[in-house]
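Work through the exercises below with the coordinates open. Each task is followed by a solution in steps.

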Amino acid sequence: MTYQEKKVWVSLVACFLLLIMYAVYFVNKIKVKGQAIFEDGAYWARTLLIVLGIFIVCMVVIQIIAHILMAITVETKKVIYSNAREKEDVMEIDDYFEEEDEMDRLIDWKAGTVSQWVMGIGFVLSLVILACNISIGIVLNVCFCSFIVSTFAENIVQLRLYKRGVYHG
């Protein structure tokens, strides 16, 4: 598995775990306060802003830790393979963290496009829900979930494109 694929998997798992934690919080709030909590738009706005900040900080920290662990793993493999007779084994390990190339940029672009579509559809869905005069708490949560689902979609598209390859067109 390449470095890019590992990076995407770490992001996918971290996003999933953070979403599970938010879902547990969400369900507990409904159990404690009941359906009336959805009418308090200011409460949900504050809560979602805090959760969004926590999501961003956690994702950055998790990505940094994962990158450090992958670098340590590569260095360990370098030491193990340093006694290798063929230089090609060591060169493959050195190329592990190669810079982003055209394929990586194309994959990021295509995955970003899918992510933007998912986010846009979620936003329009939240506007439709608001137009149907459903409580603002539900609208804010649908909008928030569309951001999270768009991140999942982006990561899944990236994984798929890294596995099967990407073509222009």
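**Exercise 1.** Leaving aside neighbours within four places in sequence, which residues is Trp 44 in contact with? Place Trp 44 in the nonpolar core.

*Solution.*
Step 1. In this predicted model, the contacts of Trp 44 beyond four places in sequence are Tyr 22, Phe 26, Ile 37, Phe 38, Gly 137, Leu 140 and Asn 141.
Step 2. Trp 44 belongs to the largest nonpolar core, which has 23 residues. Together with Tyr 22, Phe 55, Phe 144 and Ile 148, Trp 44 is listed among the residues with the most contacts inside that core.
Step 3. Two or more residues of this core come from each of helix 1 (3-33), helix 2 (41-81), helix 4 (102-131) and helix 5 (136-164).
Step 4. As background, nonpolar side chains in soluble globular proteins tend to be buried together.

**Exercise 2.** Is Ser 11 buried or exposed? Find the polar partner of its side chain.

*Solution.*
Step 1. Ser 11 lies in helix 1.
Step 2. Its relative accessibility is 11%, so Ser 11 is buried, the cut-off being under 20%.
Step 3. Not counting residues up to four places away in sequence, Ser 11 touches Met 59, Gln 63 and Asn 155.
Step 4. With Asn 155, the side chain of Ser 11 makes a polar contact of 3.3 Å.

**Exercise 3.** How many salt bridges does the structure hold? Describe the side chains that meet.

*Solution.*
Step 1. The count is 1 salt bridge.
Step 2. This salt bridge is between the side chains of Glu 5 and Lys 163, with an N to O distance of 3.2 Å.
Step 3. Glu 5 is in helix 1 and Lys 163 in helix 5; the two are 158 residues apart, so the pair links distant parts of the chain.
Step 4. Glu 5 counts as buried because its relative accessibility is 5%, whereas Lys 163 counts as exposed because its value is 61%.
Step 5. In general, side chains of opposite charge can pair when their charged atoms come close.

**Exercise 4.** Which residues make the nonpolar surface patch of about 890 Å²? Classify Leu 52 by accessibility.

*Solution.*
Step 1. The patch is made by Leu 52, Ile 56, Val 57, Val 60, Val 61, Ile 64, Ile 65, Ile 68, Leu 69 and Ile 72.
Step 2. Leu 52 is a residue of helix 2. Its relative accessible area of 35% makes Leu 52 partly exposed.

**Exercise 5.** What is the phi of Asn 133, and where is this residue placed?

*Solution.*
Step 1. Phi at Asn 133 is positive, about 65°, although the residue is not a glycine.
Step 2. For comparison, most residues other than glycine have a negative phi.
Step 3. Asn 133 sits in the loop between helix 4 and helix 5, and is exposed at a relative accessible area of 72%.

**Exercise 6.** Describe the surroundings of Ile 107.

*Solution.*
Step 1. Ile 107 is in helix 4 and counts as buried, at 0% relative accessibility.
Step 2. Beyond four places in sequence, Ile 107 is in contact with Gln 158, Leu 161, Tyr 162 and Val 166.
Step 3. The C-alpha atoms of Ile 107 and Gly 165 are separated by 8.7 Å, the two residues being 58 residues apart along the chain.

**Exercise 7.** What does the secondary structure of the protein come to? Add the totals.

*Solution.*
Step 1. There are 5 helices and 0 strands, in the order α-α-α-α-α along the sequence.
Step 2. Of the 169 residues, 31% are buried.
Step 3. The accessible surface is about 11,100 Å², and 69% of it belongs to carbon and sulfur atoms.

Methods:
Residues numbered from 1 in each chain as written. Predicted model: local features only at pLDDT ≥ 70, side-chain atom pairs only at ≥ 80, totals over all residues. Heavy atoms only, no water. Core = buried A, V, L, I, M, F, W, Y, C linked by side-chain atoms within 4.5 Å. Buried < 20%, exposed > 50% of the residue type's maximum accessible area, 1.4 Å probe, protein only. Helix = DSSP H or I, 4+ residues; strand = E, 2+ residues; numbered from the N terminus. Contact = heavy atoms within 4.5 Å. Polar contact = N/O pair within 3.5 Å; in protein donor to acceptor, adjacent residues only side chain to side chain. Salt bridge = Lys/Arg side-chain N within 4 Å of Asp/Glu carboxyl O. Patch = residues over 30% accessible without salt bridge, like charges linked within 9 Å, V, L, I, M, F, W, Y side chains within 5 Å. Areas by Shrake-Rupley, 256 points an atom, 1.4 Å probe, with all protein chains shown as cover.
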